[in-house]
Amino acid sequence: MSRLLASYAYASGVPWLLVLIGLAAAATIVLALVLALRRASRSQAIAERKLQVQDLYHQALLDNIPYPVFVKDAEGRYLVANRAYERVFCCQRSAVLGHTLVETQHVRGANAEVLHAADLRLLSSAGHEHRELVLATDEEETRDVLLWLQSFSPGEGQLARLLGTAVDVTELREAEARALASEKRLTDITRTMPSAVFQIRVWPDGRREFTYAAGDTIGTFGLSPEQLMADESLAFSRIHHEDRDLTARMVARAASEMRAMPAFDVRVQIEGEVRWIQTQGGQPKLADGGAVEWSGYWIVVETRSAFEQ
């Protein structure tokens, strides 16, 4: 009897249709999960490829900048450095990234500890700073480098970063030194001459100024070069009143006609003494703001007392 009941239950009590429906549903869910995982994996791979392309693009942009550019994190570790940075600072990017300046010691001729401490102070203050470095080279020479540093935050709640750029100004400084040396030689030469040289600028509205003066300006106008360049009217006021109109016409004609100012003589009165000063100017040239500028000289040709005059 019991075997008959068991056989009957097996034959008519198991819901095979429901079992098949359940298995199909489970298979569908598993398949959907697998497809979703594949899509997520594919999307992640696409996002990673896009990010990699963006990184390569940004690095290419940085490497085409002819000046060193770098970025440091909140601890002073290098995150980014371009090819120009490698060239100027004689280092490999792979040896710098992820390390601090104290660890790499690649800025030769500078105190790495001092620079690193200054970077950390700037990172904490969220400001900007200019610095000047003197770098040592393999040729036992030095290079002058200017640094511009700016701390910033990539986003709200994120740690600060330090952006830096650098410019090698060695050639500019050498040119400045050569110009100063040339000016000093010119000043030394003109100081020993019995005359004075000047450069005058005339503006479209008629204003005049001496942009340069050297030599025996004391012997000609009784004024130092600094006084002449500070106030042109001081020299004009010492010209004899009968010669001021001639002087103004000669200067105005040279400026308007762009022709060299021919030599002419004027009287200059200095503390009871009258000096005949010969003036001559070179070829005028255009200057900034529509002004006209030329160089010339003064030389004393005769000196008399005011009583004799």
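**Aromatic contacts and two helices in the predicted model**

The guanidinium-bearing side chain of arginine 208 places its charged end over the ring of phenylalanine 236, at 4.8 Å from the ring centre. The model in which this arrangement occurs is predicted. Aromatic rings also meet one another in the structure, which holds 8 aromatic pairs. Among the residues involved, Phe70, Tyr78, Tyr85 and Phe89 are linked by ring pairs into a cluster.

The chain as a whole comprises 11 helices and 11 strands. Of its 309 residues, 31% are buried. Among contacts with a separation of 6 or more, 43% are made by residues 24 or more positions apart.

Phenylalanine 236 recurs in the surroundings of helix H11, which covers residues 244–257. Threonine 247, a residue of H11, is in contact with Phe236, Ile239, Phe264 and Val266 when neighbours within four places in sequence are left aside. With a relative accessibility of 11%, threonine 247 counts as buried, the cut-off being under 20%. The buried residues of H11 are Thr247, Met250, Val251, Ala254 and Ala255. These residues cover an arc of only 125° around the axis and therefore lie on the same side of H11. Such a pattern can be read against helix geometry. An α-helix has 3.6 residues a turn, so residues three or four places apart point the same way. The length of H11 was also examined: at 1.5 Å a residue, its 14 residues should span 20 Å, and the end C-alpha atoms are 20 Å apart, in agreement with that expectation. After H11 comes methionine 258, which has a positive phi, near 55°.

Helix H6, formed by residues 112–125, likewise has 14 residues; a span of 20 Å is expected at 1.5 Å a residue, and the separation of 20 Å between its end C-alpha atoms agrees. At the N-terminal end, H6 is capped by asparagine 111, a side-chain oxygen of which lies 3.1 Å from the backbone nitrogen of glutamate 113. Just beyond the helix, alanine 126 adopts a positive phi of about 55°.

Burial along H6 involves Ala112, Leu115, His116, Ala118, Asp119, Leu122 and Leu123. Viewed down the helix axis, the buried residues fall within an arc of 160°, so they line one face of H6. The exposed residues Val114, Arg121 and Ser124 are carried on the face turned away from this buried side. The packing partners of the buried residues are strand E1 (69–72), helix H5 (101–104), strand E3 (128–136), strand E4 (142–152) and strand E5 (161–168).

Histidine 116 provides a detailed view of the environment of H6, the helix in which it lies. Its relative accessible area is 14%, and histidine 116 is therefore buried under the cut-off of 20%. Residues up to four places away in sequence not being counted, histidine 116 touches Glu75, Gly76, Thr100 and Val102.

A contrasting level of exposure is found at glutamate 141, located in the loop between E3 and E4. Glutamate 141 has a relative accessibility of 47% and counts as partly exposed. Apart from residues up to four places away in sequence, glutamate 141 touches Leu135 and Ala136. The two strands flanking this loop are both among the elements against which the buried residues of H6 pack.

Key: Residues are numbered from 1 along each chain as its sequence is written. This is a predicted model: local features need pLDDT of at least 70, side-chain atom pairs count only at pLDDT 80 or more; totals for chains, interfaces and linings use all residues. Side-chain values use heavy atoms; hydrogens and water are left out. Helices (H or I, at least four residues) and strands (E, at least two) are DSSP runs, numbered from the N terminus. The expected span of a helix is 1.5 Å times one less than its number of residues. Buried means under 20% relative accessible area, exposed over 50%, partly exposed in between (1.4 Å probe, protein chains only). The arc is that of the directions from the helix axis to the C-beta atoms. Contact means heavy atoms within 4.5 Å. A polar contact is a pair of N or O atoms within 3.5 Å; within protein, one must be able to donate a hydrogen and the other to accept it, and residues adjacent in sequence count only if both atoms are side-chain atoms. Rings of Phe, Tyr and Trp (its six-membered ring) pair if their centres lie within 6.5 Å; planes under 30 degrees apart count as stacked, over 60 as edge-to-face and the rest as tilted. A charge sits over a ring if NZ of Lys or CZ of Arg is within 6 Å of the ring centre and within 35 degrees of the ring normal.
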